[in-house]
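Here are some exercises to work through with the model open on your screen. Try each task before you read its solution.

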Amino acid sequence: MSKAFAAVDLGASSGRVVVGRFGDGVFDLDVVHRFPNEPVRVGGTLHWDILSLHRGMLDGLRAAGPVSSIGIDSWAVDYGLIDSSGALLGNPVHYRDSRTDGIAARVGELYPVNGLQTLPFNTVYQLVAAAGTPQYEIARHLLLIPDLLAYWLTGEIGAEYTNASTTGLLDVRTRDWSASLVAELGLRAELLPPVRQPGERIGFFNGTPVVAVGSHDTASAVVGVPASGSDFAYISCGTWSLVGLELDEPVLTDASRRANFTNEGGVDGTFRYLRNVMGLWPLQECLREWGSPDLPSLLSAAAAEPGLAYVVDLDDPVFLPPGDMEGRLRKLAGLPADASPAVVTRCILDSLALAHRRAVRQAQELAGREVSVVHLVGGGALNELLCQLTADACGLPVLAGPVEATALGNLLVQARAAGVVQGGLDALRSLVRETQRIVRYEPRTSGGPAAWQAAAARAGR
């Protein structure tokens, strides 16, 4: 007899509710509801429309029908503040908002404690920017986005570990909040709720258990990587590309810090040793600016363009904000004024493949581990040109898929908590390999490593 579970999976541009059914070696997925995630700028501040996301989640859960449990995952770092009555104090601020500009430099070095890549929007910098505001001063609890939505379902306060590990306030060694760091920064320790682990029951929504999963979407996506063994790198590719390795211990060397690699908590006590790479965000913004042209036709035209003709460092912070993405690309890549959308697209995808190449190589060097294959999961797995270019750039086979790796990882943790599936990450991934479509891309020899090395030099990397 099969059992069904509901995964609420929120991305930076859309959300969905996915039902997974387990039974007799079968693992079926059904996306029962999709809804947009559209930020709103008010008074010069960019916010998430959290009430719209809550409505979309509830609509999806109604469409899901009876399930054995519910799990929620989303992007990291952003949060809502709750007052003493349990009310939300304003819409959460979007990580692309400019309020954290210059904060990281003012705060100083935190890597020895939190092991995190310095990103201007990390929660710790958002809190430093918010300190002293009326909302911050009267708040009772800080809840990251999945924990906020779970609170609205269950009334229970907590902070799921994998997402809490991205805030910059968790001690990477103790895997709990760093009281000394919070005190040093002059932040309010009482805002931080108790940390809970993936697989723990949070509470109930209309009689249905709500279970903590890897609530940082990358943590769930890594669970859904169909790897066999440990000699793999992963790329969770969507709006961002999260590129790295799964390790048993963090890497806290000075070389790791200088390379801006992060040690985020994973499911089953693992560490996600990775770099945040800009991902498909520049292409998504260009598509919006171009009026949403047919993507398959555009990618086909881009594939016909000469490779590595124009490249740029996509990790440049200039590409982080929305607006005039094509203009910034043209300027920094030296694109001609009459460059077609196909040429701009090829520039973006060649540059993203270069960023993947750099991160995979550095991760191996810094962690002292060699890999034999790259698993590319998430929406980027549908982009055949990007998958092939990543294989070419890395000089390694790329196994693309599953596209729904995040929802899969979310569902697998729920199913294991319910006793429907057994075992560790190897067992969970074996089920993914047996039930999901994976496409293999072998690196092409044309051009070879020298061409990619020369392109990397031109991009400043």
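**Exercise 1. A cysteine and its surroundings**

Which residues does C237 touch, not counting residues up to four places away in sequence?

*Solution.* Before you start, note that this is a predicted model, where local features need pLDDT of at least 70, side-chain atom pairs count only at pLDDT 80 or more, and totals for chains, interfaces and linings use all residues. Residues are numbered from 1 along each chain as its sequence is written, and side-chain values use heavy atoms, with hydrogens and water left out.

Step 1: place the residue. C237 sits in strand β15; helices (H or I, at least four residues) and strands (E, at least two) are DSSP runs, numbered from the N terminus.

Step 2: list the partners. With contact meaning heavy atoms within 4.5 Å, C237 touches L280, L376, V377, G378, G379, G380 and L386.

Step 3: check burial. Buried means under 20% relative accessible area, exposed over 50%, and partly exposed in between (1.4 Å probe, protein chains only). C237 has a relative accessible area of 2%, so it is buried.

Step 4: try a distance. From the C-alpha of C237 to that of T218, 19 residues away along the chain, you get 9.5 Å.

**Exercise 2. Lay out the sheet**

Work out the strand order, then find the edges.

*Solution.* Step 1: two strands pair if DSSP finds at least two bridges between them. Follow the pairs and you get an open sheet of 7 strands, in the order β17-β18-β16-β15-β19-β20-β21, with mixed pairing.

Step 2: look at the ends. β17 (262–265) and β21 (439–441) each have a single partner strand, so one side of each has no neighbour in the sheet.

Step 3: get the twist. From one strand to the next, it averages 30 degrees. Axes here are lines fitted to C-alpha atoms, for helices over the stretch in contact, and angles run from 0 to 180 degrees between N-to-C directions.

Step 4: zoom in on one edge. β17 and β18 (residues 271–277) run antiparallel and are joined by 4 bridges, with G265 opposite F271 in β18.

Step 5: add the helix. α14 (residues 341–367) lies across β15 (232–237), β16 (241–247), β18 and β19 (373–377), at about 20 degrees to β16.

**Exercise 3. How do α12 and α14 cross?**

Find the angle, then name the residues that meet.

*Solution.* Step 1: the two axes come within 8 Å and cross at roughly 75 degrees.

Step 2: classify that angle. Under 35 degrees counts as roughly parallel, over 145 as roughly antiparallel, 65 to 115 as roughly perpendicular, and the rest as oblique. α12 and α14 are therefore roughly perpendicular.

Step 3: pick out the contacts. L298, L299, A301, A302 and A303 of α12 meet P341, A342, T345, R346 and L349 of α14.

Step 4: sort by class. The contact has 8 nonpolar, 1 polar and 1 charged residues. Ala, Val, Leu, Ile, Met, Phe, Trp, Tyr, Cys and Pro count as nonpolar, Asp, Glu, Lys and Arg as charged, and the others, Gly among them, as polar.

**Exercise 4. Into the core**

Which residues have the most contacts inside the largest nonpolar core?

*Solution.* Step 1: a nonpolar core is a set of buried Ala, Val, Leu, Ile, Met, Phe, Trp, Tyr and Cys residues joined through side-chain atoms within 4.5 Å. The largest one has 113 residues, and L61 and L329 have the most contacts inside it.

Step 2: see who contributes. α14 supplies the largest share of this core, 14 residues.

Step 3: look around L329. Beyond its neighbours within four places in sequence, L329 contacts C286, V312, L314, F319, G334, L335, V344 and I348.

Step 4: find the other core. A second, separate one has 29 residues, including A104, V124, A139 and L144.

**Exercise 5. Hunt for unusual backbone**

Track down a cis peptide bond and some positive phi values.

*Solution.* Step 1: recall the background. Most residues other than glycine have a negative phi, and most peptide bonds are trans.

Step 2: the bond from G401 to P402 is cis, with omega near 5 degrees. P402 is in the loop between β20 (398–400) and α16 (405–417).

Step 3: D268, in the loop between β17 and β18, has a positive phi near 60 degrees. D268 counts as partly exposed because its relative accessibility is 42%.

Step 4: S292 also isn't a glycine, yet has a positive phi of about 55 degrees. At 59% relative accessibility, S292 counts as exposed.
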